[in-house]
Amino acid sequence: MQTVLFHETIFGPIHSRRLGTSLGVNLTPDDGKICSFDCLYCEAGFNAQGPGTTGFSPRQEVARLLEDRLSAMRERGDRLDVITFSGNGEPTLHPDFAGVVDDVISLRDRYYPDAKVSVLTNSTRLGDNAVAAALAKVDNNILKLDSAIDSTVRLLDRPNAPGFTVEKVIGQLRQFAGTGIIQTMMLRGQWDGCHIDNTREEEVEALIKAYREIAPREIMLYSIDRPTPARTLEKIQAEELRTIGARIQVETGIPVQVN
Ligand code: SF4
């Protein structure tokens, strides 16, 4: 069954507590999901629903649709704080991600020069030079790191690549020292006969060590907000999340946002 969230290439604007008024760019298909992870909590559903039929949006089409939307918004005098790459999967898997980023930045400069460009990425493509160079051009890189323990990432985020290791990703994330935002989903639950809980002491300690190594400009902790494809997951309540966030901020010296 198809459970993707976004049925358009350009969606919104939506109001995000953290980012403000955000216009979304979905490079992945309108009717299926393509991702290098298959997270148990993915709002777009499991990869098993299939990649759909529409494929990645061609670069020229993304630029045309975005320009139409930005020009209409500017004509109406609408507010825009940020253009955000998000969608039904991982945006950096787009075959011309770097070209799309260039177009989006140039359209932003033309229509809303004060708006930011943000990318939500699962951090699996940072080893690709073109992807890394494109990410270096945007204002906000929001980079996923849900656990610094391999077995937890395998259970929770379920990377497609058999060679995936947390150590490699942490090494790649260091290029965003002082600039990137590391985003961590905190949760607990059951899956496949295993207990998952990245709020455990061992997990938080490993994350703190990783955050120190990466030294991002900010850490963002969040919890489940919508129904998840795995029904056996538990939302971490705001107070507990705030307590974990406060500890991480004290022990790393990096600002922590809790959503
Ligand atoms: S990385 Fe993002 S899009 Fe991919 S499965 Fe995880 S939550 Fe979904």
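**View 1. Two domains of the predicted chain.** The centres of domain 1 and domain 2, taken over C-alpha atoms, are separated by 23 Å. Their contact takes 14 residues from domain 1 and 17 residues from domain 2, two residues being in contact if their C-beta atoms, placed from the backbone, lie within 7 Å. On the side of domain 1 that touches domain 2 there are 6 nonpolar, 4 polar and 4 charged residues. In this classification Ala, Val, Leu, Ile, Met, Phe, Trp, Tyr, Cys and Pro count as nonpolar, Asp, Glu, Lys and Arg as charged, and the others, Gly among them, as polar. The domain assignment gives residues 1–144 to domain 1 and 178–259 to domain 2; such bounds come from an automatic or database domain assignment. The model is predicted, so that local features need pLDDT of at least 70 and side-chain atom pairs count only at pLDDT 80 or more, whereas totals for chains, interfaces and linings use all residues. Residues are numbered from 1 along each chain as its sequence is written.

**View 2. Overall dimensions of the chain.** The C-alpha trace spans about 50 × 40 × 35 Å along its principal axes. The radius of gyration of the chain is 18 Å, which agrees with the value near 18 Å for a compact globule of 259 residues. This radius is taken over C-alpha atoms, and the globule rule is 2.2 Å times the number of residues to the power 0.38. The chain has 7 helices and 11 strands, defined as DSSP runs (helices H or I, at least four residues; strands E, at least two) and numbered from the N terminus.

**View 3. The open sheet of 8 strands.** The strand order is 1-2-3-4-5-6-9-11, with mixed pairing; two strands pair if DSSP finds at least two bridges between them. Strand 1 (10–16) and strand 11 (256–258) are the edge strands, each pairing on one side only. On average, neighbouring strands of this sheet are turned by 25 degrees against each other, direction ignored. Strand 1 pairs with strand 2 (residues 20–26) in the antiparallel sense over 5 bridges, and Ile14 has Ser22 of strand 2 as its bridge partner. Strand 1 also holds Pro13, which a cis peptide bond with omega of about 5 degrees joins to Gly12.

**View 4. Helices against the sheet.** Helix 2 (residues 97–111) lies across strand 2, strand 3 (82–86) and strand 4 (116–121), and runs at about 150 degrees to strand 4. Helix 7 (residues 238–252) packs on the sheet, where it touches strand 9 (218–222) and strand 11, and its direction makes about 175 degrees with that of strand 11. Axes are lines fitted to C-alpha atoms, for helices over the stretch in contact, and angles run from 0 to 180 degrees between N-to-C directions.

**View 5. The open sheet of 3 strands.** This sheet has the order 8-7-10, with antiparallel pairing. Its edge strands, strand 8 (194–197) and strand 10 (233–235), each pair on one side only. Neighbouring strands are turned by 10 degrees against each other on average, direction ignored. Strand 7 (residues 187–191) and strand 10 are joined in the antiparallel sense over 3 bridges; Glu234 in strand 10 is the bridge partner of Arg188.

**View 6. The ligand and its surroundings.** Cys35, Phe37, Asp38, Cys39, Cys42, Ala44, Gly89, Glu90 and Asn122 surround the ligand, a residue being near a molecule if its C-beta atom, placed from the backbone, lies within 6 Å of it. By class, this shell has 5 nonpolar, 2 polar and 2 charged residues.
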